[in-house]
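Work through the exercises below with the model open. Try each task before reading its solution.

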Amino acid sequence: MFPHNDFWSTLILLLLILDPFGNMPVFLAVTRGLEPRRRTWVTLRESLIAYLVLLAFMAGGRGFLDLLGLRQASLEVAGGVILLLVAIKMIFSGSETMFGQSDQREPLIFPLAVPLLAGPSALAAVLLLSSATPGAVVLRVGALSAAMGITTALLLLAEEIFRRLGDAVMRAAEKLMGLIVSAIAVNMLLEGLRSYFLMR
């Protein structure tokens, strides 16, 4: 399911899973009580924390699977189910935040870094990448770094993008990405099932 030694395919896959356009309303809602300069700092900090969490999972993915005695096929099926649930939410949900805060305290780690950016689907994806392409360390780290860099840049521009494009266009873009993610999820699920039954 996952691209082998293909930087651009890996980058696009990670961008779809990180879903910067879909996360923009949440970032704006959670940080709306902050001054513009402080909002920029919070966005950079939370993106860095999410990047480090994903990098840690990517680096330890192979060992993590061996430690738990899990086969790659099992993780592919689980990742496909999680991704499919994420895709369904992207397609059918509105722009309201799932992680609303009751006050205007500055967010730290939760909910922006984890689970919004480094959520279950992203963690499953980097684990699968590390186990499926064990020798392509530079490719994986490069694709993850580029995907997180693009996501961070888009989140920093979220207010301007919303002002120019409007909420309707942003919702349409998120639903389109949801359709693509759902296709990736179904493919991952089928590949995992095929691998599992072939290995029996």
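**Exercise 1: a surface arginine and its partner**

Arg164 is exposed, because its relative accessible area is 65%, and exposed means over 50%, buried under 20%, partly exposed in between (1.4 Å probe, protein chains only). This is a predicted model: local features need pLDDT of at least 70, side-chain atom pairs count only at pLDDT 80 or more, and totals for chains, interfaces and linings use all residues. Residues are numbered from 1 along each chain as its sequence is written, and side-chain values use heavy atoms, with hydrogens and water left out.

Task: find which residue meets the side chain of Arg164 in a salt bridge.

Solution:
- Step 1. Apply the cut-off: a side-chain nitrogen of Lys or Arg within 4 Å of a carboxyl oxygen of Asp or Glu.
- Step 2. The partner is Glu160, at 2.6 Å, N to O.
- Step 3. Place the pair. Both residues lie in helix H9, 4 residues apart, about one turn of the helix. Helices are DSSP runs (H or I, at least four residues), strands likewise (E, at least two), numbered from the N terminus.
- Step 4. Check Glu160 again. Glu160 also bridges Arg163, with the closest N and O atoms 2.6 Å apart.
- Step 5. Compare exposure. Glu160 is partly exposed at 28%. Arg163 counts as exposed at 58%.

**Exercise 2: a salt bridge across the sequence**

Task: state which residue forms a salt bridge with Arg45, and how many residues separate the two.

Solution:
- Step 1. Arg45 pairs with Glu106, the closest N and O atoms being 2.8 Å apart.
- Step 2. The pair links distant parts of the chain: Arg45 is in helix H3, Glu106 is in the loop between H5 and H6, and 61 residues separate them.
- Step 3. Arg45 is buried, as its relative accessible area is 15%. Glu106 counts as partly exposed at 30%.
- Step 4. Put the total beside this pair: the structure holds 7 salt bridges.

**Exercise 3: helix H3**

Task: compare the expected span of H3 with the distance between its end C-alpha atoms.

Solution:
- Step 1. The expected span is 1.5 Å times one less than the number of residues.
- Step 2. H3 has 24 residues, so it should span 34 Å.
- Step 3. The end C-alpha atoms are 34 Å apart, which agrees.
- Step 4. Look at the buried residues of H3. Among them are Val42, Ala50, Tyr51 and Leu54.
- Step 5. Now take Trp41, also placed in H3 (residues 36-59). Trp41 is partly exposed, at 44%.

**Exercise 4: positive phi**

Task: for Asp19 and Ile109, decide where each lies and whether each is buried or partly exposed.

Solution:
- Step 1. Recall the background: most residues other than glycine have a negative phi.
- Step 2. Phi of Asp19 is near 50°. Asp19 sits in the loop between helix H1 (7-18) and helix H2 (20-31). Asp19 counts as buried, at 6%.
- Step 3. Ile109 has a phi of about 70°. Ile109 sits in the loop between helix H5 (72-92) and helix H6 (112-117). Ile109 counts as partly exposed, at 40%.

**Exercise 5: a buried threonine**

Task: name the residues that Thr151 contacts, leaving aside neighbours within four places in sequence.

Solution:
- Step 1. Thr151 lies in helix H8 (residues 137-156) and is buried at 0%.
- Step 2. Contact means heavy atoms within 4.5 Å.
- Step 3. The contacts are Leu15, Leu18, Pro20 and Leu117.
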